[in-house]
Amino acid sequence: MATENGNFKKIISHAKEYGFVFPSSEIYDGLSAVYDYGQNGVALKKNIRDYWWKSMTQLHENIVGIDAAIFMHPTTWKASGHVDAFNDPLIDNKVSKKRYRADVLVEEYVAKIETKIEKEVARAAKRFGNSFDENEFKKTNPRVISYIEKSRNILSRLNKSLGKEDLNDVKNLIEELEISCPESGSKEWTDVKQFNLMFDTKLGASKDSAMDLYLRPETAQGIFVNFLNVQKTSRMKIPFGIAQTGKAFRNEIVARQFIFRMREFEQMEMQFFIPPGTQKKWYEFWKEKRLKWHLSLGMGEEKYRLHNHEKLAHYADAALDIEFRFPFGFKELEGIHSRTNYDLSNHEQFSGKKLQYFDPEINESYVPYVIETSIGLDRMFLAVLSNSLTEEKLSDGSIRTVLKLPPALSPIKVAILPLVKKDGLPEIAKKIINELKLDITSIYDEKDAVGRRYRRQDAIGTPFCITIDHQTLDDKTVTLRNRDSMKQERIKIEHIKNYINEEVSLRSILKKL
Ligand code: GAP
């Protein structure tokens, strides 16, 4: 599998070579942490977005969607706390002049200790064979115990210092751990400073009257400020949710790892409005729901883990990440946050407008509490892409590169290939594709030997290829080739559409939810 550490470069170059992701403005040497999606990338991204959207709005009668503007009144960001608190602690290395997130330097140090633990476990598992009990080993092996304790202590101190805004102590911690600059190896650090992640811009033509604006750093606020508009016009009763997908912008200090951390990215967020006091129940509910959504894609239960936040964002009373095993380790893919009534209450206060719900069941008005699910579309794209890229050694010794995307997410579902460019085969192939493309994203390809055409489709993750050959002229059957098993079977032309639809439609995964 090309998902191990060293193969991340392969994923990035595959994404470029096959029209999934290009560096932005590449002819000008690109723009750091900004990317463009190519012809296949845009289709994969749309399919992920559609799957999320349908699972939220179509499958839940009490969730509706909106599309709020990226620009919002600047007071929104004062009320939401982003102007004052949407900061990352940054630190510069005096020798390399490179800038880092101070918390990430410490977390990376801890990740190295965790790798040591994993290595100890792997060694012991090999030594003890079938009788190995990982939990027992971790509880009793003195070296592993000390590693675990060290990691815990470091993270707990980091979270405490950040929570208290004690940036001096964060610097002390970096120095005590003797963390050096990954670039220069130097341990000479500046003080830690807070850095606000919002991009600002101006609205208006003249310098004097122009208004300072921010590019939204999360889509959620567009939902909060429209809470009553939607509730009244949809006549929703609490509990109900509002879903939205759209661009968000963050001036990330360290934007690395391809599309994992970008400065312009897309979020898929849902705010679920609930009565105060019921947040624990709904938090659990949405945790389970979202996990089920991920598992329905069949990428493997072992690829996910949950991480409860110790250091909570300024708006949350509980939060967890659904982490995915990316090629560079387990990292946050989605956040589930119990946001209390922080946002709505603050918008009430700053706007002077009531944002309350009259609950007919208790005959009272209140500011609802909110459970939020928030996933980065680009991150989900990277999870799917990196998990799917596979290299297989075939019996003839050659290597097959195949993108084993969940079929419902594949950019193209079926390729129609006439075996030769004569004898009436292209005409039949075109007739088939003209009918299929009304329902299914299909591609026609008649260039090169059929084996090479199969490989081209494997590389972009097309789940099925249909070959029209001379037998088709006799019995109106075609060869259907399965991407993953490479098995071929004959199937009647009239059955193609239903067969493929059954395997590749969003319906096929939606029904698992
Ligand atoms: N409304 C809550 C919120 O924005 P967050 O944890 O900051 O919470 C939610 O972001 C999700 O957005 C993350 O789990 C991640 O998938 C995605 N995300 C955040 N920053 C990102 C970035 N710079 N590039 C790509 N995706 C990002």
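## Exercises on strand pairing and helix packing

Helix H14 (residues 425-436) lies across strand E19 (414-418), E20, E21 and E22, and runs at about 160° to E19. The model is a predicted one, in which local features need pLDDT of at least 70, side-chain atom pairs count only at pLDDT 80 or more, and totals for chains, interfaces and linings use all residues. Residues are numbered from 1 along each chain as its sequence is written, and side-chain values use heavy atoms, with hydrogens and water left out.

**Exercise 1.** Determine which strands helix H15 touches.

*Solution.* Contact means heavy atoms within 4.5 Å. By this criterion H15 (residues 450-460) packs on the sheet and touches E19, E20, E21, E22 and E23. Its direction makes about 170° with that of E19, where axes are lines fitted to C-alpha atoms, for helices over the stretch in contact, and angles run from 0 to 180 degrees between N-to-C directions.

**Exercise 2.** Establish the strand order of the open sheet and its edges.

*Solution.* Helices (H or I, at least four residues) and strands (E, at least two) are DSSP runs numbered from the N terminus, and two strands pair if DSSP finds at least two bridges between them. The order of the 5 strands is E20-E19-E21-E22-E23, with mixed pairing. E20 (442-444) and E23 (488-492) each have a single partner strand, so one side of each is left without a neighbour in the sheet.

**Exercise 3.** Describe how E12 is joined to E13.

*Solution.* E12 (residues 318-326) and E13 (residues 329-340) run antiparallel, joined by 9 bridges. They form a hairpin with 2 residues between them, and Asp321 has Gly335 in E13 as its bridge partner.
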